[in-house]
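Here are some short exercises to work through with the model open beside you. Try each task before reading its solution.

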Amino acid sequence: MKRIYLLGTVLLAAFILTSCGKANEGKLTGPPELTISYDGETYSVLKGGYSWTYESGNGKYTSTVADAEHPLQCQELFSPIYVSDGFLTVTLNFEVNPDTVLVRCWSDEYWDDFENAVEEDIDVDNMAFELKTDGGYIYQIVGTWDSCEGCKGIADYSFYVLPDGSVSEAEETDGIGPLVMVNGSLYCSTGKESTMTARCGMMDGEITSSVESTEIPSEDNQSNFGTGYGYQYGSGGDCRSIHGREMDCF
């Protein structure tokens, strides 16, 4: 199957910013970054609230507290990860592993109703756990760091999963997702993050025209999500990357 990956300056900036949490002789000045691995793919997560304290020098400490909405209030910020019965394990990839980690989930029946939502605790073994496939679920990971050098704190992260073949409420509302036409082929978003490495920013082409988000592109280098995104070809000659999102050819 042909695939196209969206990769632009936004993704490149994300790589640059990943290391910005470290300062003061290797001390973490903010919560460690987290990605998750599922079925051979790596996904980003939504960072939530946190409380963090680090040694800033001369025996002084700096503390930061950041508040955030409950995950059930952040529906528009999630891109669903689609899971199947054949592969259920997800792995947590922390920049620095926490001393303790808690995972819990809620059914997506409770969007915008966190006060009445039924919470379920998930067993974690060696930074991995099993996903549920009987519906859509929002997972929250809460990490606590007590023994990292010169710092300590607590932070939460979240992501959203749907059974393979289902359609999210956002997709039902929008009708169609992000689409792009390149070399006569129409590509649609898989909701996955691109793992392809840019060739030093050298792009093979650029999205130069756009239609409305509810329309289907009909010309080469045209999308329904905007212009100015560069793309690259993979080893097989297919278009592989634009704006950090993985895409499948129709």
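**Exercise 1. Place Met127, decide whether it is buried or exposed, and check its phi.**

Step 1: Met127 sits in the loop that runs between strands E11 and E12; strands here are DSSP runs of E with at least two residues, numbered from the N terminus.
Step 2: its relative accessibility is 15%, so Met127 counts as buried. The cut-offs are under 20% relative accessible area for buried and over 50% for exposed, with partly exposed in between (1.4 Å probe, protein chains only).
Step 3: the phi of Met127 is positive, about 60 degrees, even though this residue is not a glycine. That's worth a flag because most residues other than glycine have a negative phi.

A word on the ground rules: this is a predicted model, so local features need pLDDT of at least 70 and side-chain atom pairs count only at pLDDT 80 or more, while totals for chains, interfaces and linings use all residues. Residues are numbered from 1 along each chain as its sequence is written, and side-chain values use heavy atoms, with hydrogens and water left out.

**Exercise 2. Do the same for Asn221.**

Step 1: look in the loop between strand E18 (209-210) and E19 for Asn221.
Step 2: Asn221 has a relative accessible area of 22%, so call it partly exposed.
Step 3: Asn221 also has a positive phi of about 60 degrees without being a glycine.

**Exercise 3. Which backbone atoms does the side chain of Asn224 reach?**

Step 1: find Asn224 in the loop between strand E19 (222-223) and strand E20 (230-233).
Step 2: with 6% relative accessibility, Asn224 is buried.
Step 3: its side chain reaches the backbone nitrogen of Leu179 at 2.7 Å and the backbone oxygen of Glu215 at 3.3 Å.

**Exercise 4. How many salt bridges does a search of the whole structure find, and where are they?**

Step 1: set the criterion, a side-chain nitrogen of Lys or Arg within 4 Å of a carboxyl oxygen of Asp or Glu.
Step 2: the search of the whole structure turns up two.
Step 3: one joins the side chains of Glu33 and Lys47, at 3.3 Å from N to O. This pair links distant parts of the chain, 14 residues apart: Glu33 is in the loop between strand E3 (27-28) and strand E4 (34-38), and Lys47 is in strand E6 (residues 46-57). Glu33 is partly exposed at 32%, and Lys47 is partly exposed at 35%.
Step 4: Lys132 and Glu120 form a salt bridge through their side chains, at 3.4 Å from N to O. Lys132 lies in the loop between strand E12 (128-130) and strand E13 (137-145) and Glu120 in strand E11 (residues 120-122), so the pair ties together parts twelve residues apart in sequence. Glu120 comes out as partly exposed, at 34% relative accessibility.

**Exercise 5. Describe the surroundings of Glu69 and Leu77.**

Step 1: Glu69 is in the loop between strand E7 (60-66) and strand E8 (81-83), and Leu77 is in the loop between E7 and E8.
Step 2: Glu69 is exposed, with a relative accessible area of 53%; Leu77 is exposed, also with 53%.
Step 3: measure from Leu77 to Leu46, C-alpha to C-alpha, and you get 7.8 Å in space for a pair 31 residues apart in sequence.

Key: Helices (H or I, at least four residues) and strands (E, at least two) are DSSP runs, numbered from the N terminus. A polar contact is a pair of N or O atoms within 3.5 Å; within protein, one must be able to donate a hydrogen and the other to accept it, and residues adjacent in sequence count only if both atoms are side-chain atoms.
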